[in-house]
Amino acid sequence: MAKVVPARSEVLFLFRSLLRTARQFSDYNIREYTKRRTIDGFRQNRTLSDPDSIASAFSHGKAQLEIAKRQAVVYSLYAPKVKSIMDLKPCNTV
């Protein structure tokens with residue numbers, strides 16, 4: 001049974017939603033990992049041409065988005081009180 005191939009706008013919306021969700025993580029390492037994983041996943045699937053594999057990758061991405069949204073909520077409940085050194089702005093002391 002053939003799956004419905006998502007439109008380009010739907011794929012871009014999924015990409016932006018995943019990146020937007022990544023920004024919700026307060027921990028620098030998790031935030032950057034989520035962004036990197038999103039970008040790498042979309043780059044890897046860029047060359048897909050089979051409609052079934054495109055639809056499968058899209059549904060997998062939607063599932064990952066739901067997982068990331070739930071994880072962002074859980075991480076926000078237990079956010080560290082101290083910011084990571086990577087989140088601190090550099091000061092100009094010369």
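Over residues 10-66, the chain comes out as 81% helix and 0% strand, and the C-alpha atoms at the two ends of that stretch sit 15 Å apart. The model is a predicted one. In UniProt, residues 10-66 carry the annotation "domain: Complex 1 LYR protein", taken from an unreviewed entry.

Helix α3 spans residues 51-77 and has K69 in it. S56 also belongs to helix α3, and so does Y75. Starting with S56, its relative accessibility is 34%, so this residue counts as partly exposed, given that the partly exposed class runs between the 20% and 50% marks. S56 also has a partner from far off in sequence: K3 lies 53 residues away along the chain, yet the C-alpha atoms of S56 and K3 are separated by just 7.9 Å.

Further along helix α3, K69 takes part in a surface patch of positive charge, together with R16, R20 and R23. With a relative accessible area of 37%, K69 is partly exposed. That value clears the bar for patch membership, because a patch residue needs over 30% relative accessible area and no salt bridge.

The other patch to look at is nonpolar. V73, V74, Y75, L77 and Y78 make up this stretch of surface, which covers about 550 Å². One of its members, Y75, has a relative accessible area of 34% and is therefore partly exposed. Y75, like any patch residue, has to pass the cut-off of over 30%.

How values were computed: Residues are numbered from 1 along each chain as its sequence is written. This is a predicted model: local features need pLDDT of at least 70, side-chain atom pairs count only at pLDDT 80 or more; totals for chains, interfaces and linings use all residues. Side-chain values use heavy atoms; hydrogens and water are left out. Patches are made of residues with over 30% relative accessible area and no salt bridge: like charges are joined within 9 Å, nonpolar side chains (Val, Leu, Ile, Met, Phe, Trp, Tyr) within 5 Å. Accessible areas come from the Shrake-Rupley method with a 1.4 Å probe; for residues, only the protein chains shown count as cover. A salt bridge is a side-chain nitrogen of Lys or Arg within 4 Å of a carboxyl oxygen of Asp or Glu. Lys and Arg count as positive and Asp and Glu as negative; His and the chain ends are not counted. The place of a charge is taken as NZ of Lys, CZ of Arg, CG of Asp or CD of Glu. Helices (H or I, at least four residues) and strands (E, at least two) are DSSP runs, numbered from the N terminus. Buried means under 20% relative accessible area, exposed over 50%, partly exposed in between (1.4 Å probe, protein chains only). UniProt positions are given in the numbering used here, feature names are shortened, and annotations may be inferred rather than shown by experiment.
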